[in-house]
Amino acid sequence: MAPLQVLSVFVASFIFMQTLGNSQTCPDCFTRSRAAHYPNSEEKGTETGSCGFGTFGATINGGDVSAASELYRNGLGCGACYQVRCTDSNYCSDKGVTVVVTDQGAGDRTDFILSQRAFARMAQTTDAAASILPLGVVDIEYRR
């Protein structure tokens with residue numbers, strides 16, 4: 001193979017790998033999942049989270065907190081922030097809510113178990129929040 005051909009193959013491979021890498025780590029891309037809420041939380045998070053924040057963990061970020069399953073990563077995910085939004089356009093806002101991981105937990109095929117406050121804040125209105133809370137689990141999109 002001539003040097004020019006080798007260079008062309010290298011450049012093409014490099015561009016392909018960059019494109020592939022960017023699609024996997026896209027900062028504007030959302031990951032689809034599901035979220036539940038703590039049924040026993042009094043709107044805010046729990047005071048006994050696995051991250052060790054204690055009573056502060058229930059009120060950090062105004063109470064917009066979450067337990068995470070895979071994203072907990074044996075404690076490395078503690079304190080990470082995620083934009084979480086439900087996907088039902090009849091009830092859910094495009095903005096969603098920003099939550100802080102303060103606990104580890106898994107639900108019914110969920111990545112997040114949100115405080116009731118955070119779960120309700122994904123909705124467009126107070127009435128919409130009253131409609132999604134009884135569902136317990138909703139389809140979501142999230143990004144860090």
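Two strands count as paired here if DSSP finds at least two bridges between them. In this predicted model, S1 and S6 clear that bar with six bridges and pair in the antiparallel sense. Two facing positions give a feel for how the two strands line up: Ser-33 stands opposite Ile-140 in S6, and Arg-34 stands opposite Asp-139 in S6.

On its other side of the story, S1 also has a partner in S5. Strand S1 covers residues 31-37, and three bridges join S1 to S5, with the two strands running parallel. Here Ala-35 stands opposite Phe-112 in S5. S1 is mostly covered, with five of its seven residues buried.

These pairings belong to a bigger arrangement. The six strands make a closed barrel in the order S1-S5-S2-S4-S3-S6, and the pairing is mixed. Going from one strand to the next, the twist averages 45°. Another piece of the barrel is the contact between S3 and S6, which pair in the antiparallel sense over four bridges. In that pairing, Val-84 stands opposite Tyr-142 in S6.

Now for the chain as a whole. The secondary structure comes to four helices and six strands, and from the N terminus on, the elements run α-β-α-β-β-β-β-α-α-β. The chain has 144 residues, and buried residues make up 39% of them. Contacts reach well along the sequence: among those between residues at least 6 apart, 73% join residues at least 24 apart. As for the outside, the chain exposes about 8500 Å², and carbon and sulfur atoms supply 53% of that area.

What about the inside? The largest nonpolar core has 26 residues, and those with the most contacts inside it are Tyr-82, Val-84, Val-99, Phe-112, Leu-114, Met-122 and Ile-140. Strands and helices both feed this core: strands S3 (81-86), S4 (97-104), S5 (112-114) and S6 (137-143), along with helices H3 (116-121) and H4 (126-132), each supply at least two of its residues.

Phe-112 is a good place to look around. Leaving aside its neighbours within four places in sequence, Phe-112 is in contact with Arg-34, Ala-35 and Ala-36, then with Ser-66, Ala-67 and Leu-71, and also with Tyr-82, Val-84, Val-99, Ile-140 and Tyr-142. Among these, Tyr-82, Val-84, Val-99 and Ile-140 are also on the list of core residues with the most contacts.

The rings deserve a paragraph of their own. The count comes to three aromatic pairs. One of them is Tyr-82 with Phe-112, an edge-to-face pair at 5.4 Å centre to centre, with 65° between the planes. Tyr-82 lies in strand S3 and Phe-112 in strand S5, so the pair ties together parts that are 30 residues apart in sequence. Both Tyr-82 and Phe-112 are buried. Tyr-82 also forms an edge-to-face pair with Tyr-142, at 5.9 Å centre to centre and with 80° between the planes. Since Tyr-142 is in strand S6 and Tyr-82 in strand S3, this pair ties together parts that are 60 residues apart in sequence. Ring pairs thus link Tyr-82, Phe-112 and Tyr-142 into a cluster. The cut-off for calling a residue buried is under 20% relative accessible area. Tyr-82 counts as buried because its relative accessibility is 6%, and Tyr-142 counts as buried because its value is 9%.

Lys-95 makes a handy contrast. Lys-95 is found in the loop between S3 and S4. A residue is called exposed when its relative accessible area is over 50%, and Lys-95 is exposed because its value is 67%. Leaving aside its neighbours within four places in sequence, Lys-95 is in contact with Gln-83 and Arg-85. Gln-83 is 12 residues away along the chain, and the C-alpha atoms of Lys-95 and Gln-83 are separated by 8.0 Å.

Conventions. Residues are numbered from 1 along each chain as its sequence is written. This is a predicted model: local features need pLDDT of at least 70, side-chain atom pairs count only at pLDDT 80 or more; totals for chains, interfaces and linings use all residues. Side-chain values use heavy atoms; hydrogens and water are left out. A nonpolar core is a set of buried Ala, Val, Leu, Ile, Met, Phe, Trp, Tyr and Cys residues joined through side-chain atoms within 4.5 Å. Buried means under 20% relative accessible area, exposed over 50%, partly exposed in between (1.4 Å probe, protein chains only). Contact means heavy atoms within 4.5 Å. Axes are lines fitted to C-alpha atoms, for helices over the stretch in contact, and angles run from 0 to 180 degrees between N-to-C directions. Accessible areas come from the Shrake-Rupley method with a 1.4 Å probe; for residues, only the protein chains shown count as cover. Rings of Phe, Tyr and Trp (its six-membered ring) pair if their centres lie within 6.5 Å; planes under 30 degrees apart count as stacked, over 60 as edge-to-face and the rest as tilted.
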